[in-house]
Amino acid sequence: MRSLLVVNLLLFASLLGGCQVAGFLECNSRECLLEAQQNNPTRTLAFWESQLQLPIALRYGRIPDRLLEYLRIDNKLNGFPSAVAAFDNAKVRTILGNAVASLPPKVRVLVKNKLVGVYVVKNLGTSGYTESILNLQGEPVAGVIVLDASLFDQPGNTWASWRDSTAFIPNSRFGIKTTIAASGENDIEAAVQFLLIHELGHVYSIGTNVHPDWYRDLAEIELSDYPFSSLSWEIEEYSKQYRSLFDDRFWQREKLGFYQKARLPAKQIAQTLEQLGSTNFVSIYAATRPEEDFAETFAIYVHTELMGKPYKVEALTDGMPTTVVTPCFRTTCARKFELIESIMNQ
Ligand SMILES: [Zn+2]
């Protein structure tokens, strides 16, 4: 999921008109890139219609060139390195195939008419990314998932610990350990499957009222229309930005930034996890935005409740655990648990 900024700028660019783009490589201005992105067909349902005819377990493979182009433009617009490249080999296909095949049937049913494909690239800049696909009326109705190649060379617990640690400025004494796989199952597939389910949470959310569409202007949103998000979020009156209902007691939340965006010192890991326990967020990643709140709750529910796998986050001081967080489904986030259950059983 990328920032709201891009679509707002797209709207701005469409007003500007002007620059004719043959390919984004010829662009030397922001307006030109925005127009190239707008002309890229991969956000239209028409581009993906043949994919949706395939069984869900076959909707992966080498990333289409036009989608690669879309990602490169998006990275360039967001100031990330734009060296995104296709990554596809037999090992990747086997791991992805197994990850999709072992999804609980309820999850496959939820996304079978919405997931157009899962692709892998190098240098994505994040572990996973979901983009919405629009119908002829411009309504979001489906999603495409892109995963980063680095996910395919780390065991599950190594990847999960690394992702959570990216929110903190490194310090040799203080660390974070996230367990998503039992010792005999701590392999690459465990990482891919966990993140795939998180991204499928994003795909499911497209076109529903679990949270506002991530491209909508928050000034137009009434959050009480979104039962899941309104359990944890509000839209600040003066700034029209999200804030959580717990920001007065979970003050680190606003400084949580993952993947090269660390702003919190590692010595605050234990305190951050303790404060998380007084909220209804299932994880620190969930506390970043309403979309991540839903996708993380969806992923951890499927992972622990439907698949019976472990989920535990520990703050470490000199290698020893000090604070431990486990899913809040039977404590502070029981209402979110009920909402996810009703989605699964619909
Ligand atoms: Zn996400």
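These notes cover a three-stranded sheet, the helices packed on it and a zinc site in a predicted model.

1. Basis. Residues are numbered from 1 along each chain as its sequence is written, and side-chain values use heavy atoms, with hydrogens and water left out. The model is predicted, so local features need pLDDT of at least 70 and side-chain atom pairs count only at pLDDT 80 or more, while totals for chains, interfaces and linings use all residues.

2. Sheet. The order is β6-β10-β11, open and antiparallel; strands (E, at least two residues) and helices (H or I, at least four) are DSSP runs numbered from the N terminus, and two strands pair if DSSP finds at least two bridges between them. β6 (174-179) and β11 (320-325) are the edge strands, each pairing on one side only. From one strand to the next the twist averages 25°.

3. Strand pair. Six bridges join β6 to β10 (residues 312-317) in the antiparallel sense. I176 stands opposite A315 in β10.

4. Helices on the sheet. Helix α9 (residues 269-276) touches β6, β10 and β11 and makes about 25° with the direction of β11 (contact: heavy atoms within 4.5 Å; angles: 0 to 180 degrees between N-to-C directions of axes fitted to C-alpha atoms, for helices over the stretch in contact). Helix α7 (residues 156-165) lies across β6 and β10, at about 135° to β6.

5. Zinc site. H198 (NE2), H202 (NE2) and E292 (OE) coordinate the zinc ion at 2.1 Å. Donors are N, O and S atoms within 2.8 Å of the metal (3.2 Å for Na, K and Ca); water is not among the atoms, so sites may look incomplete. The donor spacing is H-x3-H-x89-E. H198 in helix α8 (residues 188-205) and E292 in helix α10 (residues 290-306) are 94 residues apart.

6. Burial. H198 has a relative accessible area of 2% and is buried; E292, at 8%, also counts as buried. Buried means under 20%, exposed over 50%, partly exposed in between (1.4 Å probe, protein chains only).
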